[in-house]
Amino acid sequence: MAGSRVQVNKSHKTRFASKSSRNLHKTSLKDKSRIAKSDRNVGKGGRAARVQRSKMMREQKRAAILKEKRASTGATSPPRVIVLFGLSASVNLSLLAEDILALLSSEKTGALWPTVASSDYKLRTTILTAPHGDLLACMEMAKVADLIAFVASASSACEEDGPDDYMDAFGSQCLSVFRSLGLPSTVVLIRDLPTGLKRRHDMKKTCNSSLASQFPEDCKFYAADTKDELHKFMWLFKEQRLTVPHWRTQRPYLVAQKVDMVADDSNSEKCTVSLTGYLRARSLSVNQLVHVSGAGDFQLCKIELLQDPCPLNVRKEGDFMDSDVHDLQVISSIVPDPMKQEPLLVENIPDPLAGDQAAWIVDDSDVDNSDSDDDDADNGMVLDEKDSSFSNQGSHDRFNFDDDQASLNLRESDEETDVDSMMMDDENLTKEQIEDEIQKIKDAHAEDEEFPDEVDTPLDIPARKRFAKYRGLKSFRTSSWDPKESLPPEYSRIFEFDNFTRTQKHVLAKARDMEQGSIDECIPAGSYARLHISGVPIAVASKLGVIAKTAPAIACGLLQHESKISVLHFSVKKHDTYSAPIKAKEELVFHVGFRQFVTRPMFSSDNINSDKHKMEKFLHAGRFSIASVYAPISFPPLPLIVLKNGGEAASPAVAAVGSLKSIDADKIILKKIILTGYPQRVSKSKASVRYMFHNPEDVRWFKPVEVWTKCGRRGRIKEPVGTHGAMKCILNGVLQQNDTVCMSLFKRTYPKWPKHWFPIFGA
């Protein structure tokens, strides 16, 4: 019965087709068999190839995981760093650290950074306790932590449920900073639980529900009162696959367990600093430059590979690291090759005859860059003379400029009266004067939010002189602006990349090749070594020794070009806990990965559809801005923590967080000002406007610039009226009497050059 319902297609009509076209679409039986056989072979071979490829990928992943596990838990791996951080001041971290160390070893230690090797757990561990209230120490410990154990006290809980019951303001602030840095593996340890089984279970459950939203989803909660509970935590920690932020795997770093200073006989003002500890993440070459946190960038004069003071030996139970590392045997010593050593080049030596041009960093790789060079050439901007640029309109013969020196002074005063003006030296001010200065900054911040960019035309100075550096733009998005025009003197001291993307790829590939470098130049990751850093000022070395007593001293290997100064751009956001205004070109301390440097940034908006960016006088809360600074080159990705010093006595506060976005000296940041005037008489689309200027010469000077109103009208200046600066304007619609006539002017701005580059120099 089903046969009658089978679909029967209509036969092909060949009535009007020729004989040759009838068989054109047909395939011969010989070819059909050959094609079918080939298809079967291809399908069979393709399936086998897919199976083989999948098998290889599984084996590669398994080998990579096994290699990573051996590198993190093997006998040659450095000790795992556990940072104990108390969520509130009531947590006793010292007692918890003693309990963990007692679990791993029966011996006692008085070392500052206790490292213990346990044969029971087949694990080497360094326990660090973060001092509550010391933000800098907590940040430095979080940068090197393999595991951050957040410790909560159940006895500090209040009657109301919530994260504030177990976490105070400092704990919440540090947790947000740790998130910005990139959290490694995390756990929460709960202490001071009641002894009753039911109450203990209920209290732990309450703590879990209260703090779970503050931590990552894979964060585990452990009770940590008894020895059995700590044993369970340590056993799971030993088997745990730890994760660290990606930026920490790009550069070698060493956490110094001992800092020594050796005087330099040839130079009485400088000395050699030796840092002793385990090298982590990557191999370090003696020809590399290193950055010591807060102290600066330096060259290495020698690296000594030492005998491991805390080996993972099954015959010796719980060996603590010997606190006297001077008695350790030196296995090998390597010195830099003068022909291969990276030069410590910070600033370019300016050539007074070369103009205000930056020094170029040209990639020396053999990669063909014809395509990228063509793209870069097409992106070059040429100043558009037609785009309402009044700076070149009208020559000096139009106006009498006999007082050239006065004009120069006015231009200099324009820089001083701008937003880049700084507060007077605190040493010369009384307490009342400092409070008045702070109040002025707060008032300016509030005024900038209410009336952004609006300025008043001065009565005693002609506007054509006061705003001589400004120009008008027909369109902020499409009008051209030459990035090489009228560069400041600081640009002769910086370095600029010919092609940043290609150079970064080449530098990272060179760093990866260094992993297979010669043992005569490099020491492998996991080695216990002593770095001899030369050329350190004695004052800096003394302060570094004091800081190392409370916070870890970190030496980070630098990639090629990372000691040179350029223009860096960061994506920043004002921190939620910081309420004071942050003014542009104010001195701030940037923590970029392991590195620290002092900057005076310029803030701007991030325009993705334009090559020009509008300057912002203040860093406003609730949104991201771009911070442009003169700073040592760093290759992204890297996190950013911005600190603002509160004075000699007060500790620094977290002002903003963000990340490194790009390095580009040609980025155009324009300061915008708005001159305002008010209609005096209105006749349809014509109006007489006053108070924008105060003399007719200024009206004629600014005549080419377009005007606009706050109600959406646009127009132009026709002519001056009278002798007091009034002018006649023609607009594209009827002007209301209560409207405001505005004129937008722009000038390019640059960051401020800091007095010193690193925090310890200014401490």
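This report covers strand 33 and the residue D453 in a predicted model.

## Burial of strand 33

Strand 33 spans residues 741-748. Eight of its eight residues are buried, so the strand is largely enclosed by the rest of the structure.

Both faces are covered. On one side, V741, M743, L745 and K747 are buried. On the other side, C742, S744, F746 and R748 are buried too. The charged-letter positions K747 and R748 thus sit on opposite sides of the strand.

## Strand partners

Strand 33 pairs with strand 28, which covers residues 668-683. Eight bridges join the two, and they run antiparallel. Within this pairing, T676 stands opposite C742 of strand 33.

Strand 30, residues 707-709, also pairs with strand 33. Three bridges link them, again in an antiparallel arrangement. Here V707 stands opposite M743. M743 belongs to one face of strand 33, and C742 to the other.

## D453 and its contacts

D453 lies in a loop. Helix 10 (431-450) precedes that loop, and strand 15 (454-455) follows. Is D453 buried or exposed? Its relative accessibility is 7%. The cut-off for buried is under 20%, so D453 counts as buried.

The side chain of D453 makes a polar contact with the side chain of K614, at 3.1 Å.

D453 can also be placed relative to strand 33. The C-alpha atoms of D453 and L745 are separated by 9.8 Å. Along the chain, these two residues are 292 residues apart. L745 is itself buried, on the side of strand 33 that also holds V741, M743 and K747.

Definitions and conventions:
Residues numbered from 1 in each chain as written. Predicted model: local features only at pLDDT ≥ 70, side-chain atom pairs only at ≥ 80, totals over all residues. Heavy atoms only, no water. Buried < 20%, exposed > 50% of the residue type's maximum accessible area, 1.4 Å probe, protein only. Helix = DSSP H or I, 4+ residues; strand = E, 2+ residues; numbered from the N terminus. Pairing = 2+ DSSP bridges. Polar contact = N/O pair within 3.5 Å; in protein donor to acceptor, adjacent residues only side chain to side chain.
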